[in-house]
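This report introduces a protein structure to a reader who has not met it before. Please look at the sequence and the model first; the sections that follow take up selected residues, ring pairs and surface features in turn.

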Amino acid sequence: GDIELGSGWKLADGIALRGMVKLPTGSKSKLTGGNWGGALWGDFALPFAKDSSFDGFASLGASLAQKADALPGQQRNVAVFGGAGLGYFLTQNFELRSQLYAHSALFKNTDLSGLKKPGLQLTLGGSYRCSPNTKLDVFFQEDAVTNSSPDFSLHLGLTYR
């Protein structure tokens with residue numbers, strides 16, 4: 001697929017500005033990318049008390065993409081997206097998380113409901129801190145707006161810092 005480069009800047013406590021550029025290194029003929037794109041968004045920490053078991057975030061941004069070969073006359077080059085997440089620490093090392101993510105419709109002038117609808121995904125799961133440097137994530141995602149995104153997906157992640 002395409003290569004993505006991202007960066008983030010702390011603007012203030014609990015506020016970050018992030019950006020991403022997608023380089024067209026994929027193959028159009030194999031449907032693995034092959035067009036330019038980018039995004040700019042802000043991430044905001046939700047204001048919970050420091051001694052609270054809750055944490056959370058909100059995010060808002062926009063993306064710009066070069067038209068791909070598939071349905072070029074119906075693609076929208078610009079999309080707006082956002083999300084919000086809430087976490088609850090059951091223990092110091094185990095956190096339950098939920099997240100809603102939405103984006104504007106990515107296509108226009110189509111009767112295919114999966115292409116003309118905005119997307120809305122609900123993600124539920126948790127993170128377990130195995131050690132001070134290692135974290136294991138397990139999440140599943142469901143499309144909250146039917147036929148607007150993959151029906152179900154599973155995320156497994158291992159982070160080492």
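Does Asp 43 count as buried or exposed?

## Asp 43 and its surroundings

The model discussed here is predicted. In this model, Asp 43 counts as buried because its relative accessibility is 17%, and the limit for that class is under 20%. Asp 43 belongs to strand E3.

Two polar contacts involve the side chain of Asp 43. One joins Asp 43 to the side chain of Trp 41 at 3.5 Å, and another reaches the side chain of Ser 59 at 2.8 Å. When neighbours within four places in sequence are set aside, the residues in contact with Asp 43 are Gly 14, Ile 15, Ala 16, Arg 18, Ala 58 and Ser 59.

## Phe 44 in strand E3

Strand E3, which covers residues 37–45, also holds Phe 44. Phe 44 counts as partly exposed, because its relative accessibility is 35% and that class lies between 20% and 50%.

Apart from neighbours within four places in sequence, Phe 44 is in contact with Gly 14, Ile 15, Gly 56, Phe 57, Ala 58, Ser 59 and Leu 60. Gly 14, Ile 15, Ala 58 and Ser 59 appear in the contact lists of both Asp 43 and Phe 44. A further distance can be given for Phe 44: its C-alpha atom is separated by 25 Å from that of Val 145, a residue 101 places away along the chain.

## Overall architecture

How many helices and strands does the secondary structure of the protein hold? There are one helix and nine strands. In sequence order, the pattern reads β-β-β-β-β-β-α-β-β-β.

The C-alpha atoms fill a box of roughly 50 × 30 × 30 Å along the principal axes. The protein has 161 residues, of which 24% count as buried. Its exposed area is about 10500 Å², and carbon and sulfur atoms supply 62% of that area. As for contacts between residues at least 6 apart in sequence, 37% join residues at least 24 apart.

## Aromatic pairs

A pair of aromatic rings is described by the distance of the centres and the angle of the planes. The structure contains five aromatic pairs. One of them is formed by Phe 48 and Phe 54, which are stacked with 5.9 Å from centre to centre and 25° between the planes. Phe 48 is partly exposed at 36% relative accessibility, and Phe 54 is likewise partly exposed at 35%.

Phe 140 and Phe 152 form another stacked pair, with a centre-to-centre distance of 5.9 Å and an angle of 25° between the planes. This pair links distant parts of the chain, as Phe 140 lies in strand E8 and Phe 152 in strand E9, 12 residues apart. Phe 140 is partly exposed, with a relative accessible area of 36%. Elsewhere, ring pairs link Trp 41, Phe 81 and Tyr 101 into a cluster. Trp 41 is also the residue whose side chain makes the 3.5 Å polar contact with Asp 43.

## A nonpolar surface patch

Which residues make the nonpolar surface patch of about 1000 Å²? The patch is made by Leu 100, Leu 122, Leu 124, Tyr 128, Leu 136, Val 138, Phe 140, Phe 152, Leu 154, Leu 156 and Leu 158. Strand E7 (119–131), E8 and E9 are the elements that give two or more residues to this patch. E9 gives the most, with four residues.

Leu 156, one of the patch residues, is found in strand E9. Leu 156 counts as exposed because its relative accessibility is 62%, and the limit for that class is over 50%.

## Asp 151 between two strands

Asp 151 is located in the loop between strand E8 (134–143) and strand E9 (152–160). With a relative accessible area of 52%, Asp 151 is exposed, whereas Asp 43 is buried at 17%.

Neighbours within four places in sequence aside, Asp 151 is in contact with Gln 141, Glu 142 and Asp 143. Between the C-alpha atoms of Asp 151 and Gln 121 the separation is 9.1 Å, and the two residues are 30 apart along the chain.

Methods: Residues are numbered from 1 along each chain as its sequence is written. This is a predicted model: local features need pLDDT of at least 70, side-chain atom pairs count only at pLDDT 80 or more; totals for chains, interfaces and linings use all residues. Side-chain values use heavy atoms; hydrogens and water are left out. Buried means under 20% relative accessible area, exposed over 50%, partly exposed in between (1.4 Å probe, protein chains only). Contact means heavy atoms within 4.5 Å. Rings of Phe, Tyr and Trp (its six-membered ring) pair if their centres lie within 6.5 Å; planes under 30 degrees apart count as stacked, over 60 as edge-to-face and the rest as tilted. Patches are made of residues with over 30% relative accessible area and no salt bridge: like charges are joined within 9 Å, nonpolar side chains (Val, Leu, Ile, Met, Phe, Trp, Tyr) within 5 Å. Accessible areas come from the Shrake-Rupley method with a 1.4 Å probe; for residues, only the protein chains shown count as cover. A salt bridge is a side-chain nitrogen of Lys or Arg within 4 Å of a carboxyl oxygen of Asp or Glu. A polar contact is a pair of N or O atoms within 3.5 Å; within protein, one must be able to donate a hydrogen and the other to accept it, and residues adjacent in sequence count only if both atoms are side-chain atoms.
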